[in-house]
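Subject: The structure you were going to look at

Hi,

Here is the structure I promised to pass on. Have it open while you read, and I'll go through what turned up.

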Amino acid sequence: MADDTRQLGSPAGLYQYLFEQMDVGVIVRDKDNRILNANSAVEDMLDCPMEDYRKLSMSDLSDICFSENGENIEDGRFPHQIALATNAAVRNMVVNIRRSEDGFSRWLALSSFPVSEEIGASAVITTFVDITEKYRSGESLRKNKEFLQLILDNIPQHIFWKDTDCIYQ
């Protein structure tokens, strides 16, 4: 690791390099909700340049962020706001980012962690993990299961099946 640090100039340089190379999106916000830092994965996941994202108000974010049940996430209910208000981590909140104007939709798992004032900052770090494919696969599996159950419930014959021990179920 000492060689890596020398190549990158300093421990801070190494951490900045790692910050930029992560596949996980990371945003650091201060207690007033201003974005202090973000890595490039955030732009990729949100399909939005960071300059444009910084201009969005919490009301704008509420218009494009939806919970799993399809409801808009209200101002004050975002993970970074909850983490700052409670001084506790919020882990794996599933959020659907949806824009009607271009059809963009992405499912993300957001986690937010407050940064203690003891280390010189009152801020919150939020991570973004793209779970779109996993979420869509789960939805597809659920729909197929419902369809199969509909067939089984309406077939005019009795159906029996055996488990792996050859016992009828």
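Let's start with a small puzzle: is serine 62 buried or exposed? Before the answer, one thing to keep in mind is that this is a predicted model. Serine 62 has a relative accessible area of 8%, so it is buried. You'll find serine 62 in helix α5. Leaving out neighbours within four places in sequence, serine 62 is in contact with Asn72, Ile73, Glu74, Asp75 and Phe78.

**The cavity**

Now for the empty space. Rolling a probe the size of a water molecule over the atoms shows where empty space is left. The structure holds one cavity of 30 Å³ or more, and the volume of the largest cavity is about 130 Å³. Its lining is made of 13 residues, and those closest to the centre are Arg29, Tyr53, Phe78, Leu110 and Phe128. Phe78 may ring a bell, since it is also one of the contacts of serine 62.

Sorted by class, the lining of the largest cavity has 10 nonpolar residues, two polar and one charged. Which elements each supply at least two residues of that lining? They are β1 (25-30), α6 (79-86) and β6 (123-130).

**Helix α6**

Helix α6 deserves a look for what covers it, too. Its buried residues are Pro79, His80, Gln81, Ile82 and Ala83. The cover over these buried residues includes β1, α5 (58-64), β4 (90-98), β5 (105-115) and β6. Right after α6 comes asparagine 87, which has a positive phi, near 60°.

**Two more positive phi values**

Asparagine 92 has a positive phi as well, near 55°, and is a residue other than glycine. Asparagine 92 is in strand β4, and with a relative accessible area of 53% this residue is exposed.

Cysteine 166 is another residue other than glycine with a positive phi, near 60°. Look for cysteine 166 in the segment after α7 (132-154). With a relative accessible area of 56%, cysteine 166 is exposed.

**The cysteines**

How many disulfides does the structure have? The count is zero. Take cysteine 48: the closest cysteine sulfur is the one in cysteine 65, and because that is 11 Å away, it is too far for a bond. Cysteine 65 is in no disulfide either, with the sulfur of cysteine 48 as its nearest cysteine sulfur. Both count as buried: cysteine 48 has a relative accessibility of 16%, and cysteine 65 has 4%.

**Asparagine 39 and glutamate 20**

These two are worth clicking on together. Asparagine 39 sits in the loop between β2 (35-38) and α3 (40-46). At 2% relative accessibility, asparagine 39 counts as buried. Its side chain reaches the backbone nitrogen of valine 26 at 2.9 Å. Not counting residues up to four places away in sequence, asparagine 39 touches Phe19, Glu20, Met22, Val24, Gly25 and Val26.

Glutamate 20, one of the residues on that list, belongs to helix α2 (residues 11-21). So is glutamate 20 buried, exposed or partly exposed? It counts as partly exposed, because its relative accessibility is 28%. Apart from neighbours within four places in sequence, glutamate 20 is in contact with Ala38, Asn39 and Ser40. For Ser40 there is a distance to go with the contact: a polar atom of the side chain of glutamate 20 lies 3.4 Å from the backbone nitrogen of serine 40. If you'd like a distance across the model, the C-alpha atoms of glutamate 20 and isoleucine 151 are separated by 50 Å, with these positions 131 residues apart along the chain counted as their separation.

**Phenylalanine 104**

One last stop. Phenylalanine 104 lies in the loop between β4 and β5. With a relative accessible area of 10%, phenylalanine 104 is buried. Which residues is it in contact with, leaving aside neighbours within four places in sequence? They are Met45, Leu46, Asp47, Ile97, Arg98 and Arg99. Phenylalanine 104 and isoleucine 64 are 40 residues apart in sequence, and their C-alpha atoms are 9.9 Å apart in space.

Have fun clicking around!

Cheers

How values were computed:
Residues are numbered from 1 along each chain as its sequence is written. This is a predicted model: local features need pLDDT of at least 70, side-chain atom pairs count only at pLDDT 80 or more; totals for chains, interfaces and linings use all residues. Side-chain values use heavy atoms; hydrogens and water are left out. Helices (H or I, at least four residues) and strands (E, at least two) are DSSP runs, numbered from the N terminus. Buried means under 20% relative accessible area, exposed over 50%, partly exposed in between (1.4 Å probe, protein chains only). Contact means heavy atoms within 4.5 Å. A polar contact is a pair of N or O atoms within 3.5 Å; within protein, one must be able to donate a hydrogen and the other to accept it, and residues adjacent in sequence count only if both atoms are side-chain atoms. On a 1 Å grid over the protein atoms alone, a cavity is a set of points where a 1.4 Å probe fits but cannot get out, and a pocket is an open set with protein on both sides within 12 Å along at least five of seven lines; lining residues have an atom within 4 Å of a point. Grid points are joined across faces, edges and corners, and a volume is the space filled by probe spheres set on the points. Ala, Val, Leu, Ile, Met, Phe, Trp, Tyr, Cys and Pro count as nonpolar, Asp, Glu, Lys and Arg as charged, and the others, Gly among them, as polar. A disulfide is a pair of cysteine sulfur atoms within 2.5 Å.
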